[in-house]
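User: I would like to learn how to read an assembly like this one. Where do we begin?
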Protein chains: 2
Amino acid sequence: DETFSSISPAEFFYRNRQMAGFGNPTQAVYSTIRELVENSIDACEQKQIMPKIRVSIHTIDSDELSISVDDNGVGVPTEEIPAAFGRVLYGSKYDARQRRGTFGLGVTMAILYGQITTDTPVLIHSQTENSPGILLSLSIDVENNEPIVLSQESLMRKSTGTCVKLHIRGDLKRSIDRVVEYLSLTTVGTPHACIVLDVDMQESLTWGPYSDECPSPTITCKPHPRSADFEILRRLMDKNPDFTLHQFLVENFQQVGTRTATKFLSFMAFDPSERVSKLSRRAVTKLSRSLQKYDAFSRPDSRCLSVIGKRPMQSAIKSLYDPLLVAYDSRDPSEWNGHPFILEGAIALGSSFPVTSLPTLYRFANRVPLLYDASEDLLTKVLRKTRWTRYGLKSPKSVAIFINLCSTRVPYKAAGKQSIASIPQIEEEIKHLMNSLGRKLNKSLKKTDKIYRDKRR
Amino acid sequence: DETFSSISPAEFFYRNRQMAGFGNPTQAVYSTIRELVENSIDACEQKQIMPKIRVSIHTIDSDELSISVDDNGVGVPTEEIPAAFGRVLYGSKYDARQRRGTFGLGVTMAILYGQITTDTPVLIHSQTENSPGILLSLSIDVENNEPIVLSQESLMRKSTGTCVKLHIRGDLKRSIDRVVEYLSLTTVGTPHACIVLDVDMQESLTWGPYSDECPSPTITCKPHPRSADFEILRRLMDKNPDFTLHQFLVENFQQVGTRTATKFLSFMAFDPSERVSKLSRRAVTKLSRSLQKYDAFSRPDSRCLSVIGKRPMQSAIKSLYDPLLVAYDSRDPSEWNGHPFILEGAIALGSSFPVTSLPTLYRFANRVPLLYDASEDLLTKVLRKTRWTRYGLKSPKSVAIFINLCSTRVPYKAAGKQSIASIPQIEEEIKHLMNSLGRKLNKSLKKTDKIYRDKRR
Ligand SMILES: Nc1ncnc2c1ncn2[C@@H]1O[C@H](COP(=O)(O)OP(=O)(O)OP(=O)(O)O)[C@@H](O)[C@H]1O
Ligand SMILES: Nc1ncnc2c1ncn2[C@@H]1O[C@H](COP(=O)(O)OP(=O)(O)OP(=O)(O)O)[C@@H](O)[C@H]1O
Ligand SMILES: [Mg+2]
Ligand SMILES: [Mg+2]
């Protein structure tokens, strides 16, 4: 007979850790560093701090590493440290604005993986403007998804920031190239960051900063009307049941002013003065469908998004790859299921890139480099469908294309945040961007060709 | 300033439903049917019932469908229905034996997707040997991950079983081919099942049964010693802290008898009489590593696994594809991280399959067909690395290969259970299986060629 029970989210991700990028000791090194560095950069951006991040890897023995990531971010409030690091689905990034983190899972997965492979507690040293420096060691109660604080003591830091130090089973030799590539590409996504890597007794590697422009902080935006599925509608209606339909639209959604609301409601034959709590189920159904289909709402407010930008992105690519030419383009803000998104990209030609008939693709989501699971990624799919022969690639050339998708909700295919699902609205924008970058490349190549031919005469 | 909070597992999968296969209205139709049919077959297998499953799809309007799946399985106990269907990470398949379901997520995702796209409660009609027929309608409190029972009434069924009926937003036209392919391939994975598909007013489609052999029920097995990470060790030690090391090994692990335990402990210089609660941290570390590395433990007990089997699999392939030839092979039971697994497969040649230089690959995990995310799947990766030209495919032929991975823990890449992660031990076994199937194909092709040449003389 069947026994029914539940498992905690920590237990779920413990059993299925390959879904979060911790399936083997090679990818685990990359995933650990990626989750920690991502958090560090997020922690700098909200207060417009120029990120200074130090990644240290020490070989403990043949398959155990010690990894630490230190940042100069805003730090973690003392009372939040245990849950932030020791509980799955707990974090500060659940609001509707672009951040690198999104699930409340990343660092906890790294700590969990370290705990089950090395039995060594994680050390967290953090200081904020309001909490003095504190050093905690903790482990995770996986079955109950709860942190276990093992020790806690005061310890000053020279300034705000966080250092996370853990031991993991890892294959350094197999993973180091990807780690180096990840940290280098991190400065293309975040050109104003300075990243240092120390591995055992080797000489430090440093990347960036390649720009001194600090992105403006993002602000949380109300949902866009195109996101109005029944769950969102129900939650909004429960919050203010006495709102009229007109109030409901204007107060709850971005890009819906008084006139737009009136226009929409009359177009759909709704009574703008009806209380939302009094709407029939049929009316709510009609409301949800028409909000998602009405095409006269303005594009989303892009202040919840934060692109890399033309100057910083080109500057990073030039410093890292010394290309012969580089061009940038970005699309207007758009939305998928009501979630604002923007695509930006750069195309470059230069001997740092391999000679191929298809441009080498560097993928980014919310400015974070994506290095695994390329072949199922929407960006790769569109790359393959683009007719690069029309853009000067009749013969193979050393061309690279860097594409960054910014969104308040990136549609990742899996919890390891390595590839983007096929979403029609996003696919459409990628297509336009790649074609536009192709045209820019073609124009530059023709110009260069012409200069050559003129020189020869 | 940052606000810290947590989200429920239902909220997590609501926000990121593309990870579970519900990212667009085409895949959602497939995922809904797949999750329901999978549950139905699981519900038959434990009591060796020959599955009879009816899938009905009705068009409600241009983008809304009603989908119901009815089975003759063991049913769901009345008191368990709300949580089983209305709570994420709640189910009956968390023990260590092979089942199609594994997360306690699938049907709840389908219901959640239906709820947010159509606001229509799900209807569940179920009857078990011990609970009389009951009809429930329920919805999901997403923020709290709790079921909401909307109505409940007695309603007889002619026998035990379950019918789940829900409305979803779906694109029938775009998804029907995949649904038909999924149901047809389901009978290759489960040849003794009978599947009926009704779509609106069209004529029913029926597949199977193609075999009357009912697989023997699987039994739950103790963990294999190679799964001994620190989390498992700690849990086992906490259960019986007064066990001696020797008792600990023999009582807790499969394939560790008295002599094997003694041999292992002396080889690793442990004291077999030491109480596990008294072990030093260094000793526990040594224990975990040596259990995972010691290569003299027997292969896992395969009674927790359930392959399709040669006769049933070949019979289904013959009935569905009428091939010129079909051959079967299976590997011995093995383990990955201590989780038992078996690979089996068939190779077929026939005009039902497209003419290609690489065999057409049909993937299965725990006997369930996998139709999405092929290019990142480990099976596809090994297929591409296999030198098919050595096995008679110098020129393109109409060859298909069907591979089924059975495991107590399938390493899915994402919660939608569509592709298998790259695990070295599994990759190795797939390689051997594909080479062996290739050799069988080659042998048959040479025989056929010889018959042809002899005929011509
Ligand atoms: N270096 C850091 N500095 C400041 N805050 C941090 C740092 N690392 C983690 N945090 C806090 O801990 C929380 C949990 O981190 P975690 O990586 O688990 O989730 P996340 O970043 O919110 O989302 P994701 O799972 O996508 O990474 C974060 O939301 C953040 O508030
Ligand atoms: N048709 C059915 N007959 C009997 N029991 C069912 C049926 N459908 C669902 N259940 C019960 O409901 C539970 C939850 O189902 P659900 O699909 O959410 O999870 P699962 O099948 O255990 O795992 P997965 O998420 O991998 O599908 C199952 O474990 C099973 O006990
Ligand atoms: Mg994070
Ligand atoms: Mg299921």
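**Reading the two chains and their ligands**

Analyst: We begin at ligand 2, where a nitrogen atom of the ligand lies 3.4 Å from an N or O atom in the side chain of B:Thr162. Keep in mind that this is a predicted model.

User: Which other polar atoms of chain B approach ligand 2, and at what distances?

Analyst: Take side chain and backbone separately. A polar side-chain atom of B:Glu35 is 3.5 Å from an oxygen atom of ligand 2. From the backbone, an N or O atom of B:Gly106 is 2.7 Å from an oxygen atom of the ligand.

User: How many residues surround ligand 2, and which are the closest?

Analyst: The surroundings hold 25 residues. The closest are B:Ser92, B:Thr102, B:Leu105, B:Gly106 and B:Lys417. Look also at where the ligand sits: ligand 2 lies between chains A and B.

User: What surrounds ligand 1?

Analyst: Around ligand 1 there are 25 residues. A:Ser92, A:Thr102, A:Leu105, A:Gly106 and A:Lys417 come nearest. Ligand 1, too, lies between chains A and B.

User: Which residues of chain A offer polar atoms to ligand 1?

Analyst: Among them are two side chains and one backbone. An N or O atom in the side chain of A:Asp71 is 2.9 Å from a nitrogen atom of the ligand. A polar side-chain atom of A:Ser92 comes to 2.5 Å from a ligand oxygen atom. A polar backbone atom of A:Gly106 is 2.7 Å from an oxygen atom of ligand 1.

User: Now the interface. How is its size given?

Analyst: Interface size is often given as the accessible area lost when the parts come together. Here, about 6,200 Å² is buried between chain A and chain B. Carbon and sulfur atoms give 45% of that area. In residues, 72 of chain A are in contact with 72 of chain B.

User: How many salt bridges and polar contacts cross from chain A to chain B?

Analyst: Count the two separately. The rule finds 20 salt bridges across the interface. One of them pairs B:Arg97 with A:Glu2, with the closest N and O atoms 3.2 Å apart. For polar contacts, the rule finds 40 residue pairs, both residues at pLDDT 80 or more.

User: Which elements of chain A give two or more residues to the side that touches chain B?

Analyst: They are strands E1 (5–6) and E4 (90–91), with helices H1 (9–15), H4 (106–118), H6 (230–239) and H9 (281–293). H1(A) gives the most, with 6 residues. Sorted by class, this side of chain A has 26 nonpolar, 20 polar and 26 charged residues.

User: Which strands pair across the two chains?

Analyst: To read a pairing, take the direction, then the partners. E4(A) is joined to strand E1 (residues 5–6) of chain B by 2 bridges, and the two run antiparallel. In this pair, A:Gly91 stands opposite B:Ser5.

User: Within chain B, is E2(B) parallel or antiparallel to strand E9?

Analyst: Parallel: 6 bridges join strand E2 (residues 52–61) to strand E9 (residues 194–199) of chain B. B:Arg54 has B:Val196 as its bridge partner in E9(B).

User: And how does E2(B) pair with E3(B)?

Analyst: In the antiparallel sense, over 7 bridges, with E3(B) spanning residues 64–71. B:Ile57 stands opposite B:Ile67. The connection is a hairpin, which joins E2(B) to E3(B) through 2 residues.

User: Where should I look for unusual backbone geometry?

Analyst: Look at omega and phi. A cis peptide bond joins A:Gly208 and A:Pro209, with omega about 0°. A:Pro209 lies in the loop between strand E10 (205–207) and H6 of chain A. In chain B, a cis peptide bond joins B:Gly208 and B:Pro209, again with omega about 0°. B:Pro209 is in the loop between strand E10 (205–207) and helix H6 (230–239) of chain B. As for phi, A:Asp200 has a positive value of about 45° although it is not a glycine. A:Asp200 is in the loop between strand E9 (194–199) and E10 of chain A.

User: Finally, what does B:Ile232 contact beyond its neighbours within four places in sequence?

Analyst: B:Ile232 is in contact with A:Tyr14 and B:Ser227, those neighbours left aside. B:Ile232 itself is found in helix H6 of chain B. For scale, B:Ile232 and B:Arg99 are 133 residues apart in sequence and 21 Å apart in space, C-alpha to C-alpha.

Notes. Residues numbered from 1 in each chain as written. Chains lettered and ligands numbered in written order. Predicted model: local features only at pLDDT ≥ 70, side-chain atom pairs only at ≥ 80, totals over all residues. Heavy atoms only, no water. Contact = heavy atoms within 4.5 Å. Buried area = accessible area lost by both parts, 1.4 Å probe. Salt bridge = Lys/Arg side-chain N within 4 Å of Asp/Glu carboxyl O. Polar contact = N/O pair within 3.5 Å; in protein donor to acceptor, adjacent residues only side chain to side chain. Helix = DSSP H or I, 4+ residues; strand = E, 2+ residues; numbered from the N terminus. Nonpolar A, V, L, I, M, F, W, Y, C, P; charged D, E, K, R; others polar. Pairing = 2+ DSSP bridges. Near = heavy atom within 4 Å.
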